[in-house]
Amino acid sequence: MDERKAGIKGLVDSGIVAEELNMCKSTLQILPVVDLSGIEVEDGRKKIVDEIREASEKWGFFQVINHGVPSSVLEEMIDGTRKFHEQDVEVKKEYYSSDPTARRVRYVSNLHLYKTKGKTNLKDSLHISWQDSGHNEPEEIPPVCRKPSVEYINHVIKLQHILLGLLSEALGLNPNHLKAIGCDKGPRLVCNYYPACPQPEITFGKHRDPVFLTIVLQDQNGGLQVMCDNQWADVTPIEHGLVVNIGDLLQILSNDKFVSPIHRVVAKKIGPRISVACFFTGCSTPPKMHGPIKELITEENPPLYKEFQVDDYLTKFFSKPPDKTGLDLFRQTDLHVA
Ligand code: OGA
Ligand code: NI
């Protein structure tokens, strides 16, 4: 907690707080922070499961501390991301591809959009897809961030297994449930670089994640915000903490008990801002059918969504009309419309 104060103090000292608050119009709602030390002890675990249930129902977002990923691994991951993006463009170009299926490690830059349109998605990203089978080829990852990326992804997968256990229990299910149905599949690391922005504006449009679960590592610059009760709340960085967010697919599986919240990143004058999101996409071979979990369905709580496969969901998600959300795509009411 002292670290949080230091973070806010740092912003005050740099004289940008008033402007910042004005610009992003966030409220003072405080996003829950869950301390995972104590998950092995019965009373401790019950308290943690209760906190995670409450956070997942109200916010769909929470931060975790004492999560088991060593601080050095977090620091090196942020450092490696910065080093990759600050390399000469000629080196980065080798990894560039606009086709998501073309390669497992892919550099995506939106700088050209910035130059031509002046805004939208002002960030560069390095995407690293990881195979569940363990057949990964770390040599595909750029040398400058290879070691930290492999170490980080292995740790974050372990943390994800712990979280899926806690989330299963929070839904009243057996701790293995969410893992057994494939919510742990298809991890993808996205290493982001948001340059400092002389005229702050929204850099990364509001969205929900079209995945099961996302774990985000952010540096101390801040800027991430989540919508709760129709208001934006800051996801204030906690040193060595991680942000967890429920994606659309887990909202569907929970039959709307958990929420996949809208979130965004606000640009800052200070920067660059580094973040590393690990998405658990659910992509698996062979593909699996998913839908609201049977154990959660009763006569009073009928399934709100149709069954789907992740690939199908993603295809529809990326070609949906802008007024539809990813959740609308498989809502049962569509049945009556059709
Ligand atoms: C995302 C996202 C947050 C961040 O990539 O989906 O919400 O802090 N990122 O970069
Ligand atoms: Ni997101």
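This tour moves from the whole chain to the nickel site, then to ligand 1, and ends in a loop beside strand S12.

**The whole chain**

Begin with the entire protein chain displayed as a cartoon, bearing in mind that the model is predicted. The chain holds 11 helices and 15 strands. Switch to a surface representation: the accessible surface amounts to about 16,300 Å², and carbon and sulfur atoms account for 54% of it. Of the 338 residues, 48% count as buried. If contacts are displayed between residues at least 6 apart in sequence, 75% of them join residues at least 24 apart.

**The nickel ion**

Select ligand 2, the nickel ion, together with His207, Asp209 and His263. These residues are the protein donors of the ion: His207 and His263 each contribute NE2, Asp209 contributes OD, and the donors lie 2.1 Å from the metal. Along the chain the donors follow the spacing H-x1-D-x53-H. Asp209 and His263 link distant parts of the chain, being 54 residues apart. To see this, colour the loop between strand S7 (202–207) and strand S8 (213–218), where Asp209 is found, and then strand S12 (residues 263–266), which contains His263.

Next, colour these two donors by relative accessible area. Asp209 has a value of 3% and is therefore buried, the limit being under 20%. His263, at 4%, is buried as well.

**Ligand 1**

Keep His207 and His263 selected and add ligand 1, since both belong to the group that comes nearest to this ligand. Tyr194, Arg273 and Ser275 complete that group, out of 13 residues around ligand 1. By class, the shell divides into 6 nonpolar, 4 polar and 3 charged residues.

Now display distances from the oxygen atoms of ligand 1 to side-chain N or O atoms. For Ser275 the separation is 2.6 Å. For Tyr194 the corresponding distance is 2.7 Å. Asp209, already met as a nickel donor, also has a side-chain N or O atom 3.1 Å from an oxygen atom of ligand 1. Taken alone, the ligand exposes 290 Å², of which the protein buries 96%.

Which strands should be highlighted around ligand 1 as supplying at least two residues each of its shell? They are strand S6 (187–194), S7, S12 and strand S13 (273–280). S13 gives the most, with 3 residues.

**The loop between H9 and S12**

Finally, move to the loop between helix H9 (248–253) and S12, and select Ser260. Is Ser260 buried or exposed? Its relative accessibility is 2%, so it counts as buried. Leaving aside residues up to four places away in sequence, Ser260 touches Arg208, Asp209, Ile246, Gly247, Asp248 and Gln251. Asp209 thus appears in this contact list as well as among the nickel donors.

In the same loop, between H9 and S12, select Asn255. Asn255 is also buried, with a relative accessible area of 5%. Display the polar contact from the side chain of Asn255 to the backbone oxygen of Pro302, which spans 3.0 Å. With residues up to four places away in sequence again left out, Asn255 touches Pro292, Ile297, Asn301, Pro302, Pro303, Leu304 and Tyr305. Pro302 is thus a partner in the polar contact and also a member of this set of neighbours.

Definitions and conventions. Residues numbered from 1 in each chain as written. Chains lettered and ligands numbered in written order. Predicted model: local features only at pLDDT ≥ 70, side-chain atom pairs only at ≥ 80, totals over all residues. Heavy atoms only, no water. Donors = N, O, S within 2.8 Å, 3.2 Å for Na, K, Ca; no water. Helix = DSSP H or I, 4+ residues; strand = E, 2+ residues; numbered from the N terminus. Buried < 20%, exposed > 50% of the residue type's maximum accessible area, 1.4 Å probe, protein only. Near = heavy atom within 4 Å. Polar contact = N/O pair within 3.5 Å; in protein donor to acceptor, adjacent residues only side chain to side chain. Areas by Shrake-Rupley, 256 points an atom, 1.4 Å probe, with all protein chains shown as cover. Nonpolar A, V, L, I, M, F, W, Y, C, P; charged D, E, K, R; others polar. Contact = heavy atoms within 4.5 Å.
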